[in-house]
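Biologist: Could you choose one part of this model and look at it closely with me? I would like to see how that part sits among its neighbours, with each term explained as you use it.

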Amino acid sequence: MRIVSIGGGPAGLYFGLLMKLRHPEHAVAVVERNKPYDTFGWGVVFSDAMMEAMQAADPASAAEIADAFNHWDDIELIFKGRRQRATGHGFIGIGRKHLLNILQRRCEELGVELVFEREVESDLEFPDADLIIAADGINSRIRARYEDAFKPDMIVRPNRYIWLGANKLFDAFTFDFQRTEHGWFQAHVYKFDQSTSTFIVETAEETFEAHRLGALDQDASIAFCEKVFADTLDGAKLMTNARHLRGSVWLNFSRLVCGAWSHFNGRSHVVLMGDAAHTAHFAIGSGTKLALDDAIELANQFDRIGHGRETVGEALAAYEEVRRVDVARIQNAARNAMEWFEVVGRRYADTLEPEQFFYSMLTRSQRISHENLRLRDPVWLEGYERWFARRAGASEIDNNRPPPPMLTPFRARGVTLRNRIMVSPMAMYSAEDGLINDFHLAHLGARAMGGASLVFAEMTCVSPDARITPGCLGLWNDAQALGWKRLVDLIHSVGFAKAGCQLGHAGRKGATRVAWEGADQPLDEGAWPLISASALRYLPQSQTPRAMMRADMTQVRDDFVAATRRAAEAGVDWLELHCAHGYLLSSFLSPLTNRREDEYGGTHENRARYPLEVFAAMRAVWPKDRPMSVRLSCHDWTQGGNTPDDALIFARMFREAGADLIDCSSGQVSKEERPVYGRLFQTPFADQIRNEGAVATIAVGAISEADHANSIVAAGRADLCAIARPHLADPAWTLHEAAKIGANILPWPKQYASARGQYESNLARAASAAR
Ligand SMILES: Cc1cc2nc3c(=O)[nH]c(=O)nc-3n(C[C@H](O)[C@H](O)[C@H](O)COP(=O)(O)OP(=O)(O)OC[C@H]3O[C@@H](n4cnc5c(N)ncnc54)[C@H](O)[C@@H]3O)c2cc1C
Ligand SMILES: Cc1cc2nc3c(=O)[nH]c(=O)nc-3n(C[C@H](O)[C@H](O)[C@H](O)COP(=O)(O)O)c2cc1C
């Protein structure tokens with residue numbers, strides 16, 4: 001085959017040499033516009049794992065690269081005048097120039113034709129090529145030429161960065177955060193040869209603008225950075241190697257995804273590789289890794305399918321299929337890490353203490369969890385756990401084994417929860433006339449013995465017409481209040497859990513069948529009239545609600561107040577107002593369901609007016625020493641609906657009105673919703689509201705193991721974790737999850753004590769068998 005690579009970066013060179021190595025009869029050329037030793041950039045980092053893949057692909061170049069590497073394990077954070085360090089992170093750094101020179105030499109050795117200083121205008125300059133690799137970087141001309149085929153989707157990110165070098169060696173991957181009068185700057189610093197380190201300086205757009213950095217030339221930009229990071233540089237100089245660039249050298253990162261990676265131009269197959277096909281932010285340092293992995297995979301596909309002209313198309317399709325999955329995974333992790341650096345100034349840097357800030361930074365990509373940190377650096381992690389437990393007010397901290405973050409106490413007003421796990425409210429549709437019965441006692445009693453510190457019953461309705469289904473619980477009469485007292489006494493008597501009651505009104509989603517007879521489907525008979533913010537039905541077949549009049553509002557508010565009084569008298573410890581999931585109060589908050597033109601519709605303030613009125617009236621009669629939370633749908637997941645930024649505005653309003661926590665759920669407001677599910681998918685909302693809204697939060701949604709809860713709580717992304725479906729599967733979820741991580745510090749019910757030893761030793765046996 002005749003193979004031409006347009007672009008002699010890591011992707012083009014490495015693919016060229018791998019193909020020549022595997023099939024010396026291929027004619028391979030790499031065409032590069034720069035001179036051989038002329039390249040931009042300083043050092044690149046990749047992981048130990050990458051080296052193993054290169055070792056398998058070409059031991060000769062891998063050996064040379066390994067020799068040239070600087071290896072280090074530590075990450076250091078410089079923040080608020082302190083240095084903190086953790087180990088076990090295994091990075092390798094090499095100068096980009098050095099890496100390319102090794103690859104260039106290896107290409108020459110194997111007989112790859114290297115053509116330098118040739119600017120390629122079009123792939124049609126190589127009419128005899130069977131395969132053209134478009135490895136021409138992020139601004140790929142070849143990709144632009146076939147834009148219709150490749151369908152590139154490029155998003156320019158808001159932060160600004162400048163890629164510099166420093167003539168100083170840093171012996172750890174160093175992150176340095178410095179505050180100026182206009183905001184935070186962060187430097188990502190890593191060594192790559194005997195005397196030089198890469199020094200990338202990054203800041204938010206508003207800070208960049210406030211300092212007018214766009215007007216500075218390179219020298220002035222460097223002088224500015226030297227001043228900001230003077231303490232860390234300690235006299236060392238920053239350097240640029242982008243002298244050929246004019247004007248500002250501050251860049252925005254562009255995230256690129258392509259709809260297709262290959263195209264037949266009529267003569268040759270053209271395929272995208274490396275940055276031309278996809279980009280990943282330097283926050284997890286993997287652009288070069290992706291480029292090299294692409295090269296390895298395509299070469300492997302030729303090995304598998306055959307190195308012939310006739311099967312090029314097949315090999316390219318297989319390459320794309322395999323690489324897409326890995327690239328998406330890395331882009332995902334890179335996006336999390338990148339977003340962390342985008343919001344760090346306004347969300348974490350002024351809020352979190354240095355210890356927690358470091359933990360948050362280390363877990364920024366969400367690929368490194370709590371237990372993963374323990375594997376990397378157990379001493380550091382235990383030190384952090386001890387610090388966290390002390391902050392949380394844990395009474396006995398065993399110096400050998402501090403409690404994991406999810407098992408530390410949490411205090412809100414006069415209520416101290418023993419740990420951070422709560423049983424999330426879940427409708428059971430099993431009541432008659434809104435009354436608690438044997439099922440509820442058995443169901444919630446079992447969960448009260450399961451280790452969670454707060455047990456919520458399902459949404460409890462404030463009037464018969466407030467119910468979702470005829471099977472919902474209510475708290476509008478004395479008989480129901482008696483049932484609640486019995487439930488609360490039961491929860492208190494069997495263990496240490498506190499009792500939570502979520503009050504709600506179904507609004508336009510009321511008068512429907514119980515879940516197993518068709519969730520959200522209207523009742524065939526016995527339906528009651530519905531009310532909502534506006535007269536909009538939920539489903540085409542749903543009853544159309546009446547838009548609430550002022551008299552309705554007063555009535556419903558008073559129903560909430562009466563139910564609040566009954567809950568207080570029944571001894572409920574914790575009250576939650578349900579303002580989520582498209583029910584009545586949520587229908588006011590979302591612009592999708594609130595089309596009112598009076599003072600209850602339109603702006604955020606207007607949309608929140610009625611829910612806040614209800615909340616304030618409840619707060620006024622709810623005992624001062626007992627907490628109240630508010631559940632919000634933080635994302636409507638559809639065009640024109642509320643977003644997390646809107647939820648933040650509402651959260652601040654509820655905080656001002658006296659809410660102690662915001663319970664951060666999402667969706668169920670509109671049938672048009674397209675939620676993006678996944679592990680911990682709603683936790684970012686709790687994180688944003690907690691750290692930008694200055695109010696405690698509850699994270700909920702797809703939190704399914706102790707490791708998740710520990711990571712969330714330890715990083716300060718939420719204060720409590722609400723666990724719903726896992727609690728249906730396992731009433732003793734908390735006890736079991738604690739045992740799985742060897743944190744056997746929660747008391748089991750004394751009646752069950754004999755099961756505990758067996759359970760723990762079975763776990764230990766399974767763990768050692770798996771080793
Ligand atoms: C600030 C910053 C820090 C980074 N840090 C890291 C890191 O730590 N680790 C990491 O792995 N990655 C890092 N990267 C990313 C990394 O540099 C790229 O992802 C990687 O170089 C991609 O390799 P490539 O071969 O696809 O493209 P490139 O390295 O961009 O190579 C493309 C080549 O094509 C040539 N070319 C372009 N157009 C033409 C043309 N028309 N004719 C001829 N030649 C042409 C260019 O001159 C260039 O040499 C970083 C990037 C930035 C911006
Ligand atoms: C059967 C069931 C009933 C639910 N009922 C309620 C409810 O009454 N009130 C509420 O706010 N959320 C309710 N939810 C949502 C849960 O509280 C929780 O937010 C959701 O299930 C996501 O958490 P998970 O991934 O841990 O299940 C219900 C969920 C389930 C599975």
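Modeller: Gladly; here is a close look at one strand, its partners and a pocket that its flanking helices help to line, followed by a second strand.

This is a predicted model, in which local features need pLDDT of at least 70 and side-chain atom pairs count only at pLDDT 80 or more, while totals for chains, interfaces and linings use all residues. Residues are numbered from 1 along each chain as its sequence is written, chains are lettered from A and ligands numbered from 1 in the order in which they are written, and side-chain values use heavy atoms, leaving out hydrogens and water.

Let's start with strand 29, residues 696–700. Helices (H or I, at least four residues) and strands (E, at least two) are DSSP runs, numbered from the N terminus. Strand 29 is mostly covered, with 5 of its 5 residues buried; buried means under 20% relative accessible area, exposed over 50%, and partly exposed in between, using a 1.4 Å probe and protein chains only. Ala696, Ile698 and Val700 point one way, Thr697 and Ala699 the other, and all are buried.

Now for its partners. Strands of a sheet pair through backbone hydrogen bonds, either parallel or antiparallel. Two strands count as paired if DSSP finds at least two bridges between them. Strand 29 pairs with strand 28 (residues 661–665) in the parallel sense over 4 bridges, and here Ile662 stands opposite Thr697. To get from strand 28 to strand 29, the chain crosses through helix 21 in a right-handed β-α-β crossover. Right-handed means that, with the strands pointing away from the viewer, the path from the first strand over the helix to the second runs clockwise.

Strand 29 also pairs with strand 30 (residues 720–723), again in the parallel sense, over 3 bridges. There Ile698 stands opposite Leu720. The chain goes from strand 29 through helix 22 to strand 30, and this crossover is right-handed.

Those helices lead us to the second largest pocket: helix 21 (683–693) and helix 22 (706–714) are among the elements that each supply at least two residues of its lining. A pocket is an open set of points on a 1 Å grid over the protein atoms alone, where a 1.4 Å probe fits, with protein on both sides within 12 Å along at least five of seven lines; lining residues have an atom within 4 Å of a point. The volume of this pocket is about 1300 Å³, and of its 47 lining residues, Arg335, Asn336, Glu339, Gln366 and Pro684 are the closest to the centre. Helix 11 gives the most to the lining, 11 residues.

For comparison, turn to strand 1 (residues 2–6): 4 of its 5 residues are buried, so the rest of the structure largely encloses it. Strand 1 runs parallel to strand 2 (residues 27–31), joined by 5 bridges, with Ile3 opposite Val28. Together with helix 1 (residues 10–22), strands 1 and 2 make a right-handed β-α-β unit. Strand 1 also runs parallel to strand 9 (residues 131–134), to which 4 bridges join it, and Ile6 stands opposite Ala134.

Notes. Points joined across faces, edges and corners; volume = space filled by probe spheres on them.
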